[in-house]
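User: Could you take a close look at how the chains meet in this model? I would like to follow the contacts between them in some detail.

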Amino acid sequence: MAAIGIRGLSKSFDGFQALSEFSLEVNQGEFLTLLGPSGCGKTTLLKIISGFLEPSTGTITIGGEDVTHVPPERRDTALCFQSYALFPHLTVLQNLEFGLKQKRVSRDQREVRISEVAAKLELETQLEKLPNQLSGGQQQRVSLGRALVMRPSVILFDEPLSNLDAKLRDQVRVEISRIQRDYSLTAIYVTHDQSEALAMSDRIVVLNGGKIVQVDTPEDLYSKPRTPFVADFIGGANLISGRVSSQTEKGPIIIETSMGPIKTSHLVKDNVDNVELSWRPERAKIGEGPHCGTIVHRAFQGQFTDLILEQNDIIFRIRTNNDKLRVGEVINFSLSPDDVVVLEVDK
Amino acid sequence: MTLRDWVPIFALLVPGLGLILVLIGSVVYVAVAQSFGYYALLGQSAFSLEFWSDVFDRKLFSRAVRYSIYVGFWSAVLSVALAYPLAIWLRKPFPGSIGLGALLKAPLLVHGLVAAFLYINVISYNGLLNQFMQGIGIWSEPRRLQNDPNAFGVLLLQVWKNMPFALLLLTGAVQSISDDILDASRDLGAGPWARFCKIIAPLSISGMQAAMVIIFIGALADFTFQTTVGPTNRQSMAQLMVSFKSRGDWHSAAVVGVSLMTIALLGSALLAFTSRVIMRGGLR
Amino acid sequence: MTYERLNSLLITMVVTVAFIWLAIPFTMAVLWSLVDPAEPWTADKLLPPVMSFYRWVDMWENSSLRYALISSYTLAPSAALLGLCLALPTAFALGRFDFPGREFAKLLCLLPLVVPPFITAIFFSALLFQLGLNTWRFGAIVFAHSILFLPYAIRILTVSFETVRQDHIDAARDLGASAWARFRVAYLPALKPGISATLLIVFIQSIEEFAIAFIIGSPDIVTIPTLLYSALGQDFVRPNAAVLSLILVVPNVFLMLILERLMRSANPTLSSGKG
């Protein structure tokens with residue numbers, strides 16, 4: 001049975017449609033990420049699930065029970081805030097205890113749960129400190145711990161890593177994944193960072209303009225984006241439009257583009273002439289091949305080099321391990337038909 | 001920092017902070033010295049405890065002390081108690097909340113004496129209140145409400161004038177609590193009362209203490225409300241001090257003045273401490 | 001929704017209370033100031049039977065109102081100017097220099113607000129007696145007012161000095177500006193609203209101040225508050241008190257509203273939200 005069921009959810013603020021006709025099921029023990037640019041409705045959705053906002057229409061169930069009109073204080077969810085939202089006047093211990101006391105958990109139980117979580121998060125030596133005496137990473141762990149001790153049926157993360165520096169971010173990311181797996185928690189994670197989403201999730205929901213664009217596993221989302229928005233938002237694919245020139249029963253379809261004919265092994269719907277194609281910069285094989293371009297910009301990134309190429313006034317990106325190429329050179333490359341994805345055109 | 005760095009800063013501080021310290025310092029010094037018999041305007045100046053024992057023996061004085069503390073305490077407590085819920089209510093803006101806040105804070109713009117006049121006007125023998133009560137048939141004849149013996153008039157005016165001030169301080173304190181913190185407490189299961197006791201109150205305590213202390217000192221040392229609408233059979237400490245002074249009894253006035261300052265100091269400390277303890281008590 | 005219904009109920013309640021709290025008393029005051037002595041306003045009539053500006057004219061011509069207005073409105077600007085001059089150096093030190101004990105110095109600047117005004121008034125007058133300056137009433141009041149309200153002046157100007165941006169000063173120096181040009185380009189724009197706010201707040205406070213004016217000024221100097229005080233006491237004539245109340249309160253409300261604007265532009269965090 002689904003841990004969370006969202007059916008036909010809509011929310012508007014003063015005429016602005018933040019979410020429209022949104023439906024989604026989250027499975028028990030699943031790590032689901034809501035990914036999208038700012039203003040796409042992901043935070044609104046999180047606030048509706050946690051109970052701080054009431055939807056205009058639609059229902060939410062948690063563990064099969066309708067909670068659409070249940071206030072947040074009586075919902076079995078725990079939220080990890082972007083700002084951590086630790087109570088500044090309470091010690092780490094009191095912060096961890098807060099929710100348990102509200103739920104009238106017995107003293108023995110409280111001690112057991114807190115010591116377990118504190119051990120897991122390596123907070124044992126920090127328990128008597130106030131939040132402002134902790135580093136950013138430690139505060140993040142307290143915020144996580146405060147949610148974990150509640151043993152909620154769903155744990156919600158609102159961009160929890162955005163206030164950490166890059167190095168710490170990777171570390172906490174691994175930690176969150178590990179804990180989620182250890183406790184087999186159902187987690188909903190909101191972020192605008194595609195690499196975070198790809199690294200952590202079981203499934204990713206890509207949102208744009210209050211609507212679901214695509215729901216898929218990270219691997220499929222990356223290799224088979226369905227729309228230009230997804231292709232561009234995740235991994236920055238090269239997009240090019242073209243006309244179907246031949247579609248045979250067997251073998252790749254040939255699409256005529258301004259880069260010349262491109263082969264794809266993915267199917268095009270019947271009766272469609274004009275299509276949008278996407279291919280990943282790192283999938284181009286430099287050397288022999290039907291395609292070519294002039295290098296107009298080069299950015300050495302360490303383990304790879306980003307090249308911006310131009311041909312017939314179109315600009316595209318190639319990622320390569322070859323650091324010998326220089327601006328001005330003309331290179332040839334090929335694309336495997338498997339790597340060229342046919343997209344649905346956004347409405 | 002070297003002496004060379006200090007000289008210009010010191011020179012800059014002299015006209016402002018320096019004069020403040022000189023004026024307030026000498027005022028307090030003169031008050032203390034006069035209470036012990038120095039700086040006599042007539043007769044000779046010599047150290048004496050006579051004025052202290054004289055004034056302390058008078059019933060007038062102990063009544064004034066008790067009365068002033070009564071007015072100061074209740075003004076502070078009532079103003080803050082009224083302002084707290086309003087501040088929490090106005091924390092998050094809603095349509096009309098700015099206008100509402102302005103309306104509630106309007107008495108800040110009105111001088112205390114004008115407020116006293118307005119009050120007298122409403123409660124006077126043939127004033128609006130008496131007419132209204134007779135009109136709806138609760139009172140059969142007009143009542144004398146001016147200078148009531150329990151000083152409700154004074155308290156009403158103090159609250160009228162000070163509640164907006166408390167509201168100002170508390171709104172600032174309550175608004176500085178972030179939404180995330182309140183949301184987090186809700187998410188962890190805290191209802192409205194728990195949110196107030198455990199989050200809002202402890203986090204706005206310094207604003208509340210400031211409001212309490214400032215209102216307490218102001219109302220404790222009240223002169224104008226007391227002499228215009230206060231009970232006629234009792235005197236406030238400031239009133240007593242002024243009446244001693246106008247009789248030329250500077251030493252007794254000084255004793256009252258020094259006592260007033262001491263009570264203001266001790267009372268503020270006690271109020272601030274007690275409110276902290278009560279708020280902390282809410283934590284357990 | 002029930003929450004919204006509750007909210008609108010609360011709004012109605014507060015507005016009603018505020019109406020009783022403010023509108024009714026002020027309407028009464030205005031009406032009383034218009035009562036014509038030809039016929040008294042008795043309890044059985046809703047409005048004064050005869051209304052005229054007789055009281056206003058009479059007060060203007062036959063009482064010390066004119067004198068009180070003159071003294072109030074000369075005291076206040078003098079105190080405001082003196083206060084500004086005294087506050088500027090201290091605010092400069094507190095706002096532009098980082099020295100040990102700066103926070104403590106800021107705290108000490110608040111002292112005049114903590115000592116009850118009647119204590120300051122009485123023992124300042126005792127001090128004047130000791131120094132033989134007790135006939136120098138006008139100067140004494142100006143001096144006392146400007147120092148009593150220095151806390152406001154110093155606070156506002158300190159914040160103004162803090163908002164002067166060091167990179168503006170540095171940029172001016174880098175471009176070869178003289179000390180005067182630097183002051184004009186970097187300091188003055190940041191200080192202007194603070195200076196106006198300071199002048200205005202000391203002005204308002206001085207107009208409203210009662211204790212010092214009452215203790216030190218009497219019997220020679222009458223200000224509007226002391227005049228109103230005596231009108232509320234021994235010679236209580238209601239229409240006259242109404243006239244005085246309105247003269248005291250109405251200009252100040254407008255000044256306060258201007259002040260509020262100024263403070264908001266000077267520093268958003270200082271603004272009180274009133275008005």
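Here is a walk through the interfaces, with a few words on the parts beside them.

Analyst: Happy to help! Please keep in mind that this is a predicted model, where local features need pLDDT of at least 70, side-chain atom pairs count only at pLDDT 80 or more, and totals for chains, interfaces and linings use all residues. Residues are numbered from 1 along each chain as its sequence is written, chains are lettered from A and ligands numbered from 1 in the order in which they are written, and side-chain values use heavy atoms, with hydrogens and water left out.

Let's begin with chain B. Chain B has 13 helices and zero strands (helices are DSSP runs of H or I with at least four residues, strands are runs of E with at least two, and both are numbered from the N terminus). The C-alpha trace of chain B spans about 75 × 70 × 35 Å along its principal axes.

Two pairs of chains are in contact, and chains B and C share the most contacts (contact means heavy atoms within 4.5 Å). Here 65 residues of chain B meet 70 residues of chain C. The two chains bury about 6,300 Å² between them, with 83% of it on carbon and sulfur atoms (buried area is the accessible area, with a 1.4 Å probe, that two parts lose on being put together, summed over both). B:Leu23, B:Leu109 and B:Phe117 supply 11% of the area that chain B buries against chain C, more than any other three residues. Helix α1 (residues 3-35) of chain B gives the largest share of the side that touches chain C, 17 residues. That side of chain B divides into 51 nonpolar, twelve polar and two charged residues (Ala, Val, Leu, Ile, Met, Phe, Trp, Tyr, Cys and Pro count as nonpolar, Asp, Glu, Lys and Arg as charged, and the others, Gly among them, as polar).

What about specific pairs across the interface of chain B and chain C? The rule finds zero salt bridges there (a salt bridge is a side-chain nitrogen of Lys or Arg within 4 Å of a carboxyl oxygen of Asp or Glu). Ten residue pairs across the interface of chain B and chain C are in polar contact, both residues being at pLDDT 80 or more (a polar contact is a pair of N or O atoms within 3.5 Å; within protein, one must be able to donate a hydrogen and the other to accept it, and residues adjacent in sequence count only if both atoms are side-chain atoms).

Now for chain A. No contact joins chain A and chain C, and their closest C-alpha atoms lie 11 Å apart. Chain A and chain B bury about 1,800 Å² between them, 61% of it on carbon and sulfur atoms. On the side of chain A, the residues that lose the most area to chain B are A:Glu73, A:His89 and A:Gln102, together 31% of what that side buries. A:Glu73 also forms a salt bridge with B:Arg195, whose closest N and O atoms are 4.0 Å apart. In total, the rule finds three salt bridges across the interface of chain A and chain B, along with four residue pairs in polar contact. α1 (42-50), β6 (77-80) and α2 of chain A each supply at least two residues of the side that touches chain B. The largest share of that side, four residues, comes from α2(A). The side of chain A that touches chain B divides into 13 nonpolar, seven polar and three charged residues.

Helix α2 (residues 92-102) of chain A also holds both A:Lys101 and A:Glu97, four residues apart, about one turn of the helix. Their side chains meet in a salt bridge (3.8 Å, N to O). Over all chains, a search of the whole structure finds 24 salt bridges.
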